[in-house]
Amino acid sequence: MNYENDFTNEFSVYLNSAQALSGATTPKNCIFSIGSVLNQAPNIQNFQDCAYCKITLKYFSVFQTSTVFTADGTTTLLIKLATAQQPNSIESVSVVGAQNSNFITSNIIGVIPTGNTGSTYSNPDYDNSPFVISNPFNGDFHIIITDESGVGSTPTITSTEPWEAILHIEFPIKPSIKGITQNNLQ
């Protein structure tokens, strides 16, 4: 019997930039301390030693209008989790100087269309798929919001325009949690 895909361990994390430990006044660059979550969701401690998990940006809202995003030229918001590495994701960047590559390891966890009237979108509703990332429960959540070019200064989001998000984080089932030994996974 194979229990490998039996079920996953799932966590939902609600974030509000106005409540950030650091960055409440600069919501494009926010840090949230995950330390206290261990007291609120004790099951997380079972996954602190997991190297990777899947993360999905399930919901994102910013208190800003598409008119403002059109005026500042922002077509898309890139939501990045700066404290987590993605082993299977890359993103393009501008070539600088003698650099001969324009790709870097990505930490984008979501792409949000702004409703900029000067742009056409394949899907006006964002439908973010999961990304495989390093375990975010080993430190702080550091969220960075940039425009489509990776520029953090462009999207007009200030302390009076906070954002909120729900992250869905999945870990694979660990046999020890279900009381299953490796011998009976065959």
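## Cysteines

Cys50 is buried, with a relative accessible area of 12%. This is a predicted model. The closest cysteine sulfur to that of Cys50 belongs to Cys53, 8.2 Å away, which is too far for a bond. The cut-off for a disulfide is a pair of cysteine sulfur atoms within 2.5 Å.

Cys30 is buried as well, with a relative accessible area of 0%. Across the whole structure, the search finds 0 disulfides.

## The open sheet

An open sheet is formed by 4 strands, in the order β1-β10-β3-β8. Their pairing is antiparallel. The edges are taken by β1 (8–16) and β8 (131–134). Each of these has a single partner strand, so one side of each lacks a neighbour in the sheet. From one strand to the next, the twist averages 35 degrees.

Strands of a sheet pair through backbone hydrogen bonds, either parallel or antiparallel. Here, β1 pairs with β10 (residues 163–172) in the antiparallel sense, over 9 bridges. Ser12 stands opposite His168, a residue of β10.

## A nonpolar surface patch

Which residues form a nonpolar patch on the surface? They are Tyr14, Tyr59 and Ile166. Together they have about 270 Å² of accessible area.

Tyr14 is found in strand β1, one of the two strands at the edges of the sheet. Tyr14 is partly exposed, with a relative accessible area of 44%. That value is over the 30% required of a patch residue. By contrast, Cys30 and Cys50 are buried, at 0% and 12%.

How values were computed
Residues numbered from 1 in each chain as written. Predicted model: local features only at pLDDT ≥ 70, side-chain atom pairs only at ≥ 80, totals over all residues. Heavy atoms only, no water. Buried < 20%, exposed > 50% of the residue type's maximum accessible area, 1.4 Å probe, protein only. Pairing = 2+ DSSP bridges. Axes fitted to C-alpha atoms, helices over the stretch in contact; angles between N-to-C directions. Patch = residues over 30% accessible without salt bridge, like charges linked within 9 Å, V, L, I, M, F, W, Y side chains within 5 Å. Areas by Shrake-Rupley, 256 points an atom, 1.4 Å probe, with all protein chains shown as cover. Salt bridge = Lys/Arg side-chain N within 4 Å of Asp/Glu carboxyl O.
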